[in-house]
Amino acid sequence: MTKPVVLIAEELSPATIDALGPDFEVRTVDGTDRPALLSALAGASAVLVRSATKIDAEAIAAAPVLKIIARAGVGLDNVDIKAATTAGVMVVNAPTSNVISAAELTIGHILSLARHIPSANASLAEGKWKRSAYTGMELFEKTVGIVGLGRIGGLISERLRAFGVRVVGYDPYVTPARAQQLQVELLSFDEVLRQSDFVTVHMPKTPETTGMIGAEQLAIMKPTAYVINVARGGLIDEGALYTALTTGVIAGAGLDVFTSEPPQPDSSASRLLELPNVVVTPHLGASTDEAQEKAGVSVARSVKLALEGDLVPDAVNVAGGIIDPFVRPGIALVEKLGQFFTGLAQGALTSLDIEVRGELAAYDVSVYRLAALKGILTNIVSDNVSYVNAPLFAEQRGIETRMIVEAESPLYRNLTILRGTLSDGTTLTVAGTLAGTRMVPKVVGINGYEIEVPFERYHIVMRYADRPGIVAIYGQRLGDAGINIAGLQVAHPDASGRALSVLTVDSPVPDEMLAELHDAVHADLFRQIEIVEA
């Protein structure tokens, strides 16, 4: 019997080969040699890559028997996930492989800043003995602020406690109970900045978090404080940081990531490299032998499972799952419903019911729990969220989940409802369905309001006291700004006399205009929601 071919396109650790076992034919190719790669892919059932090999639509089309693409690392910028999903090819990575390495590098940056280790080393290497010039500070009894309390943030907190520091943190999606488990004092974002001697940021990069530490935030910090970014380039405004470092607003910075890598000449990032109070490394968060070996072994195990037809950890798309064809179309719907839920939530989620009603009750719909959590957590967690690791992230954040399946569905053939309890005790409910023969995904309910809105990229949801002229208010202002309203639904007022409007717009509305519209309609709920394609 012919063994499935596993193609290794870049150098991986020997442990990766060992983890595959004897049941596969292992071939190697230089993934940067495009003709050789395309030729080798023709017979491959699996391909393992790192960051240099580009597996795009052309490469996937050249691999008719390919079942799985495995990235031995975290990022997937070199893999066309959409093309892979369309072709039925599973994509996996190793999202937990570098968490310890990234946490330890963060500690290294903190210590380097506190004791001026890089500059003292450079000075002594030049033959200078300038002890007094490099007098530093102890970490003991200092305050360290962690912005983003996911896995890496938690590991940093655990390691910092050995130094006798006070650890404070900010994460809008972490409950007080989870913060207590991490032994982190949960504060507002501004208070973390104001009170900390060191601030380290570990948030996902989204439109909301890009530039989250800018001139205004840096001005809040102590003039003796330091800021560290070993997460994603762009979370700190590099121009504002340069100004703050050269005018004494803060004492220094440690940077492993940049908006553009490597930093471009004459950019704010390149100017940061010249400052004596900045410690820089060239994106070394995952650059340890251990992280690379963990990544290789992790994806090798995933490849082995996939080619044996089993459930695969850390799959970032759905192609490899054993899911009934009647259930499969609802996966994208539920994931979008989860994103919509997060967009409406105004606090941390503590518990979630996933309720499935209608003909789907006769099928195994457990994958909807994964899809709901993936959608909810996509813009919350800094790591790549998959249908398998989403429950782990939910558990880490203290989110309890429950599946409810009922055959009765009076209004729709099938209906999925996400009902969550937030940390302030309030409840949020959103419902969705696939409508018509084309199975168009729609949101059909929000907190008891009945609507029917197809999912698009940008939505605005507002609730206000029902009165004439509201539509004219936001219609006029959006029109004047050149923002087209592609769709509009107004739900009937509830018992309190408040109506709910859901707008679909062709482009995002700037924050300043959102604030103006909020005030103009006197809304008690006003949220812009961006839905990212599953």
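Colleague: What makes the lining of the largest cavity count as eight nonpolar, two polar and one charged residues?

Modeller: In this predicted model, the lining consists of Tyr173, Phe341, Thr342, Ala345, Gly347, Leu349, Ile376, Leu377, Ile380, Arg397 and Ile399. Arg counts as charged, and Gly is placed among the polar residues, so Arg397 is the one charged residue of the lining, while Thr342 and Gly347 are the two polar ones. Helix H14 (329–344) and helix H15 (367–377) are the elements that give two or more residues to this lining.

Colleague: How many cavities of 30 Å³ or more does the structure hold, and what is the volume of the second largest?

Modeller: There are three cavities of 30 Å³ or more; the largest holds about 80 Å³ of space, and the second largest has a volume of about 40 Å³. The second largest cavity is lined by Asn229, Gly233, Gly234, Ile236, Glu238, Leu241, Leu255 and Val257, and these residues divide into four nonpolar, three polar and one charged. Since Glu counts as charged, Glu238 is the charged residue here.

Colleague: Why is helix H5 called mostly covered?

Modeller: A residue is called buried when its relative accessible area is under 20%, and 12 of the 17 residues of H5 are buried, so the helix is mostly covered. Among the buried residues are Val99, Leu105, His109 and Leu113.

Colleague: How do you know that the reach of H5 is close to what is expected?

Modeller: From its first C-alpha to its last, H5 (residues 99–115) reaches 25 Å, and the expected value at 1.5 Å a residue is 24 Å. Just after this helix, His116 takes a positive phi of about 55°.

Colleague: What makes Met439 and Asn447 partly exposed rather than buried or exposed?

Modeller: Partly exposed lies between the cut-offs of 20% and 50%. Met439 has a relative accessible area of 38%, so it is partly exposed, and Asn447 also counts as partly exposed because its relative accessibility is 32%.

Colleague: Where do these two residues lie, and what is the phi of each?

Modeller: Met439 lies in the loop between strand S16 (427–435) and strand S17 (440–446), and its phi is positive, about 55°, although it is not a glycine. Asn447 is found in the loop between S17 and strand S18 (449–454), with a positive phi of about 50°. Most residues other than glycine have a negative phi.

Colleague: Which bond joins Glu261 and Pro262?

Modeller: The two are joined by a cis peptide bond, with omega about -5°, and Pro262 lies in the loop between strand S11 (252–255) and helix H12 (268–272).

Note on methods:
Residues are numbered from 1 along each chain as its sequence is written. This is a predicted model: local features need pLDDT of at least 70, side-chain atom pairs count only at pLDDT 80 or more; totals for chains, interfaces and linings use all residues. Side-chain values use heavy atoms; hydrogens and water are left out. Helices (H or I, at least four residues) and strands (E, at least two) are DSSP runs, numbered from the N terminus. The expected span of a helix is 1.5 Å times one less than its number of residues. Buried means under 20% relative accessible area, exposed over 50%, partly exposed in between (1.4 Å probe, protein chains only). On a 1 Å grid over the protein atoms alone, a cavity is a set of points where a 1.4 Å probe fits but cannot get out, and a pocket is an open set with protein on both sides within 12 Å along at least five of seven lines; lining residues have an atom within 4 Å of a point. Grid points are joined across faces, edges and corners, and a volume is the space filled by probe spheres set on the points.
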